[in-house]
Amino acid sequence: MPVTANASRASLWLESLGDWHWPGRTAHSEVLPPAWIPAEPPRLELSLAGAAPAAAVRPHTRLRPWRVFFTGLASALLAICCALALNGSLTLNDVLGEHATPAPAPQLARAPASALALPPLQRLSGDRAGSSIDRVSFHSADLGARGAFLVYLPPDYATSSALRYPVLYLLHGRDGHASAFVEIGIQHTLDTMIEHGAIAPLIAIMIQDQPTLQNWRDVGQRHSASYVVEVQRLVDRMFRTVPARAARAIAGSSMGGYGAMHVALANPYTFSVVESWLGFFDGLEGELRADAPVISRLGLHAFLYGAEADPVAVPEEDPLFAAQLSAAGAQAEGVVYPGGHSLGKVREHLATGLQFASRSLAAARSREDIEEAHARWRG
């Protein structure tokens, strides 16, 4: 049974700690984007040099016999030199002179990501447990503007240089900001759960999209969905991650819940775990049908929840879309909690979402290890 879209209710998204308010009514105080989010840089324009002026036309003159002779001789010598050059006996400098090196052709292809310099890491905060929140800002090719993300590094990251970690990617709500996850206490929650063994240590990446009502979609020149994968590839270069599908989870709140599901389905070989917190799934049925063979073969863990009094996202969509994921071969769970649409609701169930991600990543890793062992045995 397909999910029914509700455009009038799914177009508005909350990004504050207060309750939902309809447009035109008194709003609760908003948590504004942090000052470090850079503005879009000026566009770079390529200027083409003007064409060279046409060569002057000489008047026609009659060649004398001796000029014909020497002209033919010179032409013969030039032909011999060119033939030798083509056979590799002479270089172009041998023919034209050692200082006559032609200018190199312009390189128009984009340099591979592995050749690009890594952006700096800026420490924003640390705590007694030893974890940290850092910031990375870089020029995003997919956004055509500055991109940025916050990174949570677990307490033992700095002291255990040989360990590699799974990664959880987090997407904020409509026209929101990555620091919303810090504001609802993700650092303290992760520290506490790691300390008590509720979850394994992991890296959490909170991605900042450009201000827009179309977060996490590829629209026009802004490729916000592709930008998430661009960040993922940069993260694998910058940090000690486990660079494998089985070690990557993606989750999002509000419109970020839609974005997490959209990005996971658009990149079925990249993420093994996906979570939607108060999100929606309009228009994703086609992506799910296309992914069914991959999900059936590789598996996918999904956790979706809504709020029964949500005036924005239809809560019944969560168990419904979870059932469609399960039919495609995923291990999916969809639930509806009491309450409304707010970051307070996300904070209330933050530990549940983090625990699901950690356990699912461990299960995905075990499945991958078993499949690799079977492949070696068959080989």
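How much accessible surface does the protein chain have, and what percentage of that surface belongs to carbon and sulfur atoms? The accessible surface comes to about 20500 Å², and 58% of it belongs to carbon and sulfur atoms. Good morning, and thank you for coming. I should say at the outset that the structure before you is a predicted model.

Let me begin with the chain as a whole. Its secondary structure comes to eleven helices and eleven strands. There are 379 residues in the chain, and buried residues make up 44% of them. If we take the contacts with a separation of 6 or more, residues 24 or more positions apart account for 73% of these.

I turn now to the interior. The largest nonpolar core has 47 residues. Which of its residues touch the most other members? They are Phe149, Ile205, Ile207, Phe239 and Ile250. Helix H6 gives the most to this core, with eight residues. Apart from this core lies another, of 34 residues, and among them are Ile184, Ile199, Leu202 and Tyr305. Please keep Tyr305 in mind, for we shall meet that residue again.

Let us look at Ile205 more closely. Leaving aside neighbours within four places in sequence, Ile205 is in contact with nine residues you can pick out in the model: Phe149, Leu150, Val151, Val167, Leu168, Tyr169, Leu170, Val231 and Val235. Two of these names, Val231 and Val235, are also on the list of buried residues in H6.

That brings us to H6 itself. This helix runs over residues 224-238, and its 15 residues reach 21 Å from the first C-alpha to the last, close to the 21 Å expected at 1.5 Å a residue. H6 is mostly covered, with twelve of its 15 residues buried. The buried residues include Tyr227, Leu234 and Met238, together with polar ones such as Gln232 and Asp236.

Asp236 leads us to the loop after this helix. Thr241 is found in the loop between H6 and strand E8, which spans 248-253. Is Thr241 buried or exposed? Thr241 counts as buried because its relative accessibility is 0%. Its side chain and that of Asp236 are joined by a polar contact of 2.7 Å. Beyond four places in sequence, Thr241 touches Arg164, Tyr165, Val167, Ile203, Val235 and Asp236.

Next, helices H7 and H8. H7 has twelve residues and reaches 16 Å between its first and last C-alpha atoms, close to the expected 16 Å. Eleven of the twelve residues are buried, so H7 is largely enclosed by the rest of the structure. Among those buried are Met255, Tyr258, His262 and Leu265.

H8, residues 285-298, has 14 residues and reaches 19 Å, close to the 20 Å expected. Where does H8 have a kink? The kink, of about 55°, lies at Asp291, shortly before the proline Pro293. Asp291 is also buried, as are Glu285, Leu288, Val294 and Ile295. A general point helps in reading such a list: an α-helix has 3.6 residues a turn, so residues three or four places apart point the same way. What covers the buried residues of H8 includes H7, at 255-266, and helix H9, at 317-327. After H8 comes Gly299, whose phi is positive, near 85°.

My last stop is Lys345, which lies in helix H10, residues 343-348. Why does Lys345 count as buried? Its relative accessibility is 8%, and buried means under 20%, so Lys345 counts as buried. Two polar partners are worth finding on the screen. The side chains of Lys345 and Glu348 are joined by a polar contact of 3.1 Å. In addition, the backbone oxygen of Pro338 lies 2.4 Å from a polar atom of the Lys345 side chain.

Setting aside residues up to four places away in sequence, Lys345 touches Leu278, Tyr305, Pro338, Gly339 and Gly340. Here we meet Tyr305 again, one of the residues of the 34-residue core. Finally, Lys345 and Trp277 are 68 residues apart along the chain, yet their C-alpha atoms are separated by 9.0 Å. Thank you for your attention.

Note on methods:
Residues numbered from 1 in each chain as written. Predicted model: local features only at pLDDT ≥ 70, side-chain atom pairs only at ≥ 80, totals over all residues. Heavy atoms only, no water. Helix = DSSP H or I, 4+ residues; strand = E, 2+ residues; numbered from the N terminus. Expected span 1.5 Å × (residues − 1). Buried < 20%, exposed > 50% of the residue type's maximum accessible area, 1.4 Å probe, protein only. Bend = angle between axes of the 7 residues up to and from the residue. Contact = heavy atoms within 4.5 Å. Polar contact = N/O pair within 3.5 Å; in protein donor to acceptor, adjacent residues only side chain to side chain. Areas by Shrake-Rupley, 256 points an atom, 1.4 Å probe, with all protein chains shown as cover. Core = buried A, V, L, I, M, F, W, Y, C linked by side-chain atoms within 4.5 Å.
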